[in-house]
Amino acid sequence: MAAAFAAFRRFGDLLTRRLTPSTNLGLNLRPMSGFAQEEASKAAPEEAPGHSYESLRVTAAQKHILHVQLNRPEKRNAMNKAFWREMVVCFNKIAEDADCRVVVISGAGNMFTSGIDLTDMASELLQPPSDDTARISWFLRSLLTRYQETFSVIEKCPKPVIAAIHGGCIGAGVDLITACDIRYGTQDSYYQVKEVDIGLAADVGTLQRLPKVIGNQSLVNELAYTARKMMADEALGSGLVSRLFPDKESMLDAAFTLAAEISSKSPVAVQGTKINLIYSRDHSVTESLNYMKSWNMSMLQTKDIMKSVQAAIEKKDLKTVTFSKL
C-alpha cells in the first residue's frame, strides 16, 4: 500500500503543476494512427499467427482483439473430436498471448452451434476400450475431465471473452456460453439444455454455471428437465444474455465495439477484475475480500494507474494511452 500512497501523492503533485501533454509518463498522443489501424483490420481480418485448426478459425479482428469462430458451418458447427481438443489448445495460447486483451466467440454459418457431433463422438462415448466396469468408469472419468476442460479453459483464460450468439445454441453450446464473461444474442437466437433428450445429464458445465448466470433455480430446473427451447426474449429477461440485436451483423459490430472499449483499459486492471469476479462467485464475501487484498497489494503498484489517472485529468480518451503488454 505504501507504493499506492506514494502514487496518489504524485497525482497531487501532477495536479498542482497543471499537467501538460509534455509530461513524460509514456503516453502515446497519436490516437488517429491507432484508430486507422483498427479500421483497416476490421476490413480485412488476418489469421492469427499460431492458430491453425480444423474446427475453429481464429483471426485478429482488431488491435488486441481475437475473433474465435466455431468453423464447421456445413455441420451447423457441431462439436467433433477435433473441437474438444482444439479449444483447449486455442485458449491456452490466448491466455499466454501478451498482445490479446479481449476475445469474441461466434459461430460461422446459420447458427452458433448444434452441440455435440454425435456421429463423430459416438465411438469414443459408447465403445470404451474395456469390458471391466471399474476400468470403463476410469476411462469415462478421464474422458469427461478432458471435455470439461474444453470450456473451463475459457473461464480460466484471464482475457474477457464475449460470446456472440445467433440462431441455435444447443446442448454443449450452453455449456460453452456460460463459461464466457459476456453474452450477446440475436432476435432469432434460442437456447436448449438438450442433454436429457439424448439420455444423459449435462456434464460439462451447464448444470454448474447456468444457475449462477441467471440466478433462477426454478427456471434452470425447468430448462434442464425438459430440454425446451428458451427463445431470445426470455434469454434476455432471465439474464442469460445482456443484449439482443436484430441480426448477426449488428450483433458482431456491437461485440467488437464492446471488445475495443474493454481493450482500451489497463490489462492489469481488466484481467485482475475477471480473476477476482470468478473467485468471488465461488467463495464467501470475507474470503473474496481477503483474496482481493492479497491481489491488489501488488497490483496497486502498476504504472497503469498513473497513466490512467493522467489521462482522466487531461480529459483524454484511454485509447490514446499505451499500456505495456501483460
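1. C90 is buried, with a relative accessible area of 0%, where buried means under 20% relative accessible area, exposed means over 50%, and partly exposed means in between, using a 1.4 Å probe and protein chains only. The closest cysteine sulfur to that of C90 belongs to C157 and lies 8.9 Å away, which is too far for a bond, a disulfide being a pair of cysteine sulfur atoms within 2.5 Å. C169 is likewise in no disulfide, since the nearest cysteine sulfur, that of C180, is 9.2 Å away; C169 counts as buried because its relative accessibility is 0%. By this rule the count of disulfides is zero.

2. A word on the basis of these remarks: the model is predicted, so that local features need pLDDT of at least 70 and side-chain atom pairs count only at pLDDT 80 or more, while totals for chains, interfaces and linings use all residues. Residues are numbered from 1 along each chain as its sequence is written, and side-chain values use heavy atoms, with hydrogens and water left out.

3. The search of the whole structure finds 15 salt bridges, a salt bridge being a side-chain nitrogen of Lys or Arg within 4 Å of a carboxyl oxygen of Asp or Glu. One of the pairs joins the side chains of R72 and D117, at 3.0 Å from N to O. R72 lies in the loop between β3 (65-70) and α3 (81-96), and D117 in the loop between β4 (102-107) and α4, so the pair ties together parts that are 45 residues apart in sequence. Helices here are DSSP runs of H or I with at least four residues, and strands are runs of E with at least two, both numbered from the N terminus. Both partners, R72 and D117, are buried.

4. Two further salt bridges have partly exposed partners. The side chains of R228 and E222 meet at 2.6 Å, N to O, and R228 has a relative accessible area of 24%, whereas the value for E222 is 34%. The side chains of E261 and K265 meet at 3.0 Å, N to O, with E261 partly exposed at 36% relative accessible area and K265 partly exposed at 29%. In addition, E155, R209, K212, R281 and D282 are linked in a network of salt bridges.

5. On the surface, a negative patch is formed by D188, D247, E249 and D253. Patches are made of residues with over 30% relative accessible area and no salt bridge, like charges being joined within 9 Å and nonpolar side chains (Val, Leu, Ile, Met, Phe, Trp, Tyr) within 5 Å. Asp and Glu count as negative and Lys and Arg as positive, with His and the chain ends not counted, and the place of a charge is taken as NZ of Lys, CZ of Arg, CG of Asp or CD of Glu. Within this patch, D188 lies in the loop between β7 (182-186) and β8 (190-192), and D188 counts as partly exposed because its relative accessibility is 47%.

6. A nonpolar surface patch is formed by I116, L118, I198 and L200, which together have about 310 Å² of accessible area, computed by the Shrake-Rupley method with a 1.4 Å probe, only the protein chains shown counting as cover for residues. L118 is found in helix α4 (residues 118-126) and is partly exposed, with a relative accessible area of 45%.

7. Two backbone angles deserve a look. Most residues other than glycine have a negative phi. R76, which is not a glycine, has a positive phi of about 55°; R76 lies in the loop between β3 and α3 and is partly exposed, at 47% relative accessible area. A227 also has a positive phi, near 65°, in a residue other than glycine. A227 is placed in the loop between α8 (217-226) and β9 (230-231), and A227 is buried, with a relative accessible area of 4%.

8. Two C-alpha separations complete the note. F256, in helix α10 (residues 248-263), counts as buried at 13% relative accessibility, and its C-alpha is 9.3 Å from that of V102, although F256 and V102 are 154 residues apart in sequence. P49, by contrast, is exposed, with a relative accessible area of 76%, and lies in the loop between β1 (46-47) and β2 (56-62). The C-alpha atoms of P49 and T59, 10 residues apart along the chain, are separated by 8.5 Å.
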